[in-house]
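Let's walk through this structure together, one chain at a time and then where the chains meet. Keep the view open as you read.

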Amino acid sequence: MKARQKRLVFVGLAVLGVAAASTLALTALKGNISYFFSPSQVVANEAPQDHVFRIGGLVTEGTVRREGDGLTVHFDVTDNAETVKVAYTGILPDLFSEGKGVVAKGRLGPDGVFLAEEVLAKHDEEYMPPEVASTLKTTHAEGVAETAIQASEATN
Amino acid sequence: MTLNWFKFASPASFYPIAGRLIPVFWILTLLLLAIGLYWGFFETASKLGGSNPQKEYYRIIFIHVPSAWMSMWLYIVLVGWAAIGLVFNTRLSFMMANAVAPTGAIFTFLALWTGAFWGRPSWGTYWDWDPRLTSELVLFFLYIGYIALHSAIDDTRRADRASALLAIVGLIMVPVIFWSINCPDPNQCAALHQRSNLTRIDGNILFSMLTMTLAFWMYGFAATFMRLRSIILTREAENTWVQELLNARRQA
């Protein structure tokens, strides 16, 4: 074997080793990268009781309520299975709104209310001008309606 | 083994080629930057709607996404040259890896920096230890580590091999960065950073973003080749061809 081929094998093995290590690491991390806990996990007592953690989910429609001081906000965070009540005093991010994603960092109070120190808004990967976004929604709604009609016709 | 392309692997023959290519890449950079920025500022919506109602600040995407892509791509390029250098012992490959590193580091920094300024108005924070943000920061440290290790070892050939090995080991970060938000099950990579999906981006926004990416890529070539030429001159200073080049310059 020539020296160059030896080095090729050596580098190849190094790359393979790195690939194997990364696969193992990613497999081991699967499900353990808890950047945030879902409301279901919080309700199931899987979240830490004694220190700060993050919860993530959607702000339930119609639950955002401000106290008289104008700064304290109450809202529910849901993953469409369970719901956790959140209280926060401070300025909310621009994109915070009902029905949208949110990540809150704080502690769970004794009464089960999550006392947030920081509230961050999550947004999705859709980058559409308002008019296009609304058309998309309408077409989507129409599509759903059509499928429903077709389905009911099929059953009849 | 004398393949034809080994001819270009000699620093002496690539030095003038790089010199001729630099202006071409600069022209392409400026042209694409002009188109990308014009389209990004004047042909795209002033605010977004639907499920992501961001205001003017969403335009940071035209710098942020291209620099983030280039930060990962240039790392792959760096590792590619480092690996070729290790296997074939070609001097130019190591010089190429060396020349790419600072540009890659700059793009990584730019991605983190613009991300911070975008995160503040949209998410509500400059920084958070989110998987995507953290892995990109590690990539930045890898670039810095590569440059630092190389400059810490006086013997250039030893420095080349040691830092090449570090670069190869660091390649682990590229799939981690990609998977940190793009894993098949969204629940397994819950993050603050949104996932990426080019099909859900408006055509005009996508066009500016891709044009800017090409512009940054061309800039990467131009900057790398300029740096490469000075690296070649520094390392080959004792060789006759450099001396001849200097003499020709002096006479001119």
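In the UniProt record, an unreviewed entry, residues 22-182 of chain B carry the feature "domain: Cytochrome c assembly protein". The model you are looking at is predicted, and in it this stretch of chain B, residues 22-182, is 80% helix and 0% strand. If you find the C-alpha atoms at the two ends of that stretch, you will see that they sit 36 Å apart.

Now zoom out to chain B as a whole. The chain has eight helices and zero strands, so reading along its sequence gives the pattern α-α-α-α-α-α-α-α. Turn the C-alpha trace of chain B onto its principal axes, and its span comes to about 65 × 40 × 30 Å. Of the 252 residues in chain B, 39% are buried. How much of the contact in chain B with a separation of 6 or more comes from residues 24 or more positions apart? Such pairs account for 76% of those contacts.

Next, follow chain B to its partner. Here 37 residues of chain A are in contact with 43 residues of chain B. On the chain A side, the elements that give two or more residues are helix H1 (3-29), strand S6 (114-121) and helix H3 (130-155). Which of them gives the most to this side? That is H1(A), with 10 residues. As for chemistry, the residues on the side of chain A that touches chain B divide into 23 nonpolar, five polar and nine charged.

Key: Residues are numbered from 1 along each chain as its sequence is written. Chains are lettered from A and ligands numbered from 1 in the order in which they are written. This is a predicted model: local features need pLDDT of at least 70, side-chain atom pairs count only at pLDDT 80 or more; totals for chains, interfaces and linings use all residues. Two residues are in contact if their C-beta atoms, placed from the backbone, lie within 7 Å. Helices (H or I, at least four residues) and strands (E, at least two) are DSSP runs, numbered from the N terminus. Ala, Val, Leu, Ile, Met, Phe, Trp, Tyr, Cys and Pro count as nonpolar, Asp, Glu, Lys and Arg as charged, and the others, Gly among them, as polar. UniProt positions are given in the numbering used here, feature names are shortened, and annotations may be inferred rather than shown by experiment. A residue is buried if 20 or more other C-beta atoms lie within 10 Å of its own, exposed if 12 or fewer, and partly exposed in between; C-beta atoms are placed from the backbone.
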